[in-house]
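Reader: I've got a new structure open and want to know what the words people use for it really mean. Can you walk me through them?

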Amino acid sequence: MSNTRLVETPVAELEVRLDGEGPAVVLLPSLGRDSYEFDPIASDLAAAGFTALRPQPRGIGSSRGPMTGLDLHDLAGDVAAVVEHFDAAPAVVAGHAFGHYVARVLAADRPELVRGVAVLAAGARRFPASLTERVAKCSDLSLPDHERLVHLRDVFFAEGHDPAVWLDGWWPEAIVSQRAAMAATDKESWWTVALSPLLDVQAGEDVFRPAETRGELVDEFGSELVSTAVVPGCGHALVPEAPHEVARILVEWIRTRLG
């Protein structure tokens with residue numbers, strides 16, 4: 001069962017969910033979403049002998065702090081404060097979609113805190129702006145559900161998975177803040193940095209990661225540093241589509257590649 005704590009930092013108060021005991025795996029959610037949907041993954045990690053740490057981003061759950069004037073380094077700093085608070089370094093940090101930006105920036109800024117980085121359904125280095133526009137419609141609570149479901153199905157979910165599970169779980173203030181933080185951070189300043197091993201967990205039908213881009217991280221950093229796994233039959237949402245498979249891949253990588 002999850003244990004929820006509030007961690008006070010010099011600049012924020014962060015809600016953190018903890019599951020299990022053992023080496024830490026930090027789970028970071030996608031853009032404007034909360035970490036509650038990691039519940040099955042956190043449970044599997046706990047059963048495998050790990051501690052799953054789930055800090056909620058500012059503006060989500062009980063997490064509070066300044067929401068403007070931020071960049072990705074500030075958001076990574078929140079995660080660093082949580083890792084230090086629980087004396088959890090070096091931790092594996094797994095980020096889903098937007099969360100992988102924060103995970104990789106943390107690894108670049110504070111490498112001593114990070115044992116390895118897992119990127120879950122990370123988009124390609126560059127993808128069409130039209131996809132970003134459709135994501136905005138997925139999370140626009142003013143639109144009727146039937147319209148949002150069309151976008152959720154086309155952008156996030158593969159055939160056979162119910163996009164209605166993502167009608168809820170969006171935090172509008174966090175979306176605005178996180179988008180601004182992305183815009184305020186030069187992507188090239190961290191994309192080319194990898195100081196710890198990377199696990200690239202790709203969704204087989206992710207429109208943000210076309211087949212021709214699947215080797216981007218291996219091409220950038222080499223197969224000695226980057227491990228790749230593809231989860232078939234899943235879209236960019238991935239986490240609600242195949243949580244137990246994601247957890248299995250994480251555990252196997254940690255045990256075999258990180259020791």
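Author: Sure, starting with the largest pocket, which holds about 450 Å³ of space. This is a predicted model, where local features need pLDDT of at least 70, side-chain atom pairs need 80 or more, and totals for chains, interfaces and linings use all residues. Residues count from 1 along each chain as its sequence is written, and side-chain values use heavy atoms, leaving out hydrogens and water.

Reader: What makes a residue part of the lining of the largest pocket?

Author: Lining residues have an atom within 4 Å of a pocket point. Here 26 residues line the largest pocket, and Tyr101, Phe127, Thr132, Met182 and Phe208 are the closest to its centre. Helices H3 (98-109), H4 (129-138) and H6 (172-183) each give two or more residues, with H4 giving the largest share, 4 residues.

Reader: How many residues of that lining are nonpolar, polar or charged?

Author: The split is 16 nonpolar, 6 polar and 4 charged.

Reader: Why is something called a nonpolar core?

Author: Because it's a set of buried Ala, Val, Leu, Ile, Met, Phe, Trp, Tyr and Cys residues joined through side-chain atoms within 4.5 Å, where buried means under 20% relative accessible area with a 1.4 Å probe, protein chains only. The largest one has 53 residues, and Val26, Leu72, Val102, Leu106 and Phe156 have the most contacts inside it. Beyond its neighbours within four places in sequence, Val102 is in contact (heavy atoms within 4.5 Å) with Leu28, Leu72, Leu75, Ala76 and Val79. A second, separate core of 30 residues includes Val25, Ile41, Ala94 and Val251.

Technical notes. 1 Å grid on protein atoms, 1.4 Å probe; cavity = no way out; pocket = protein on both sides within 12 Å on 5 of 7 lines; lining within 4 Å. Points joined across faces, edges and corners; volume = space filled by probe spheres on them. Nonpolar A, V, L, I, M, F, W, Y, C, P; charged D, E, K, R; others polar. Buried < 20%, exposed > 50% of the residue type's maximum accessible area, 1.4 Å probe, protein only.
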